[in-house]
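The following paragraphs examine how charged side chains pair in one protein model, and then turn to annotated positions and a helix. The reader is invited to keep the sequence and the coordinates at hand.

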Amino acid sequence: MSSSKLLLIFFLQLLVGFATTLAMVQGQGHLTRVGFYSRTCPTAESIVKQTVQTHFNSNPSVAPGLLRMHFHDCFKTAGPNLGLRGWEVIDDAKTKLEAACPEVVSCADILALAARDSVVLTKGFTWNVPTGRRDGRVSLATETTNLPGFRDSIDVQKAKFQDLVGAHTIGTSACQFFRYRLYNFTTTGNGADETINPLFLAQLRSICPENGDAARRVDLDTGSASRFDATFFTNLKNGRGILESDQKLWTDATTKSFVQRFLGVRGLQALNFNLEFGKSMVKMSNIGVKSATNGEIRHICSAVN
C-alpha cells in the first residue's frame, strides 16, 4: 500500500463491537487517562499541538501522514512504512518536549496527540486523548506484516483491523496501487473492475495510463481530499472508491449497512462519522498499552533506548 497515503477505513472498528469509551481506558493492566501530564508536563499537549500546526502550515500533507503513523507506530525502515510523511514533526515535538520536560512524555503519546491534532486541522472533530503510555522496548519491521493491503477482502480487513484501523477521508495514493483495477482486471467488457463508475473510470485512466507514471498520486477522497469528513462514503456509494479494499466496503453486504448509516440512509440508525471516529481512535490507541514494567520513555522516537 502506498506509504505516503493514509490508511483510513476507520469505521471497521465498529464491526468488532467497540463501545463508547470513557475518559479512563484500561490497556493490558495499565490505565491511561486524559490529563496524565497535567502535573509532570502541563504544556505537553500544547507543545505537540503547536508543533503540528507549524508543520501543517508549511506542508498540509503531513496531516494524513501523521494519522497513518499513529496506526503503524513501528520502526521507520519497515517496508510498509517507507516514505511515511511526518516523522520530522514527531522528532521536532520530541525535541521540544525533552527540553521542557526531560524523559517524561512518551513517543507513543506524541503520536496519539499529533493524530488528533491532524484531524482537527483538516476540519474534523476533536476528542480527548487519554495519555500515559510508555514506548515499546522492541521495534521490529516484522510487526508491520499485519498492515491492511489494498487488495484485502473484507474478512481479511476485519481480522487485521482488530489490531489496526484507518480511514481514507484524507490523503492520496499512487497509481501503482490501484491501476490494476483499470486495465485487464477482468476478461470481459472493458477489462476494468466493474464496481468502478464508468465516468470515473475514464477520469482515472486519463490520470493513470496503463504504462504511465506509477508514482503519480491521486486523492483517495475525490472532491474532499483535504477535509476530514464523510464524503468518502458517498464516493463509495457512487462507485468512486480508489482502492479495491475501499470499494469493497460498499459491495460487501457485511459492511454496506455501516456505510449507509454514516450516509444517513432512511430507515437505518444514523451514525456520526466524526464522533464514532474519535471513539474508535481512543479505543484503538489503548490496545497493548505499555507500562513502566514493560515499556520506557524513548529519548529518540525512532530507536529504543
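A salt bridge is taken here as a side-chain nitrogen of Lys or Arg within 4 Å of a carboxyl oxygen of Asp or Glu. The model under discussion is predicted, and a search of the whole structure yields eight salt bridges. The underlying principle is that side chains of opposite charge can pair when their charged atoms come close.

Consider helix α3, which spans residues 87-100 and contains both K96 and D92. These two residues are four positions apart, about one turn of the helix, and their side chains form a salt bridge with an N to O distance of 3.6 Å. How accessible are the two partners? K96 counts as partly exposed because its relative accessibility is 37%. D92 likewise falls in the partly exposed class, since its relative accessibility is 24% and the class of buried residues is confined to values under 20%.

A second intrahelical pair is found in helix α8, residues 244-251. There, E244 and K248 meet in a salt bridge at 3.5 Å, N to O. The two residues lie four positions apart in the helix, so about one helical turn separates them. E244 has a relative accessibility of 12% and therefore counts as buried.

The pair formed by R181 and D193 is set in a loop. Its closest N and O atoms are 3.0 Å apart. Both residues belong to the loop between β4 (172-174) and α6 (198-207), and they are twelve residues apart, so that the salt bridge links distant parts of the chain. Both R181 and D193 are buried.

Salt bridges may also join into a network, as they do for E45, R116 and D117.

Attention now passes to the annotated positions. According to an unreviewed UniProt entry, the annotation "binding site" covers T169, D221 and D229. Of what kind is the surrounding element of D229, and where does it lie? D229 is placed in the loop between β5 (217-219) and α7 (231-237). With a relative accessible area of 14%, D229 is buried, because the cut-off for that class is under 20%.

Finally, helix α9 comprises residues 253-263 and holds several buried residues, among them T255, F258, V259 and F262. Q260 and R261 of this helix are buried as well. Just after α9, G264 adopts a positive phi of about 75 degrees.

Note on methods
Residues numbered from 1 in each chain as written. Predicted model: local features only at pLDDT ≥ 70, side-chain atom pairs only at ≥ 80, totals over all residues. Heavy atoms only, no water. Buried < 20%, exposed > 50% of the residue type's maximum accessible area, 1.4 Å probe, protein only. UniProt positions renumbered as here; feature names shortened; annotations may be inferred.
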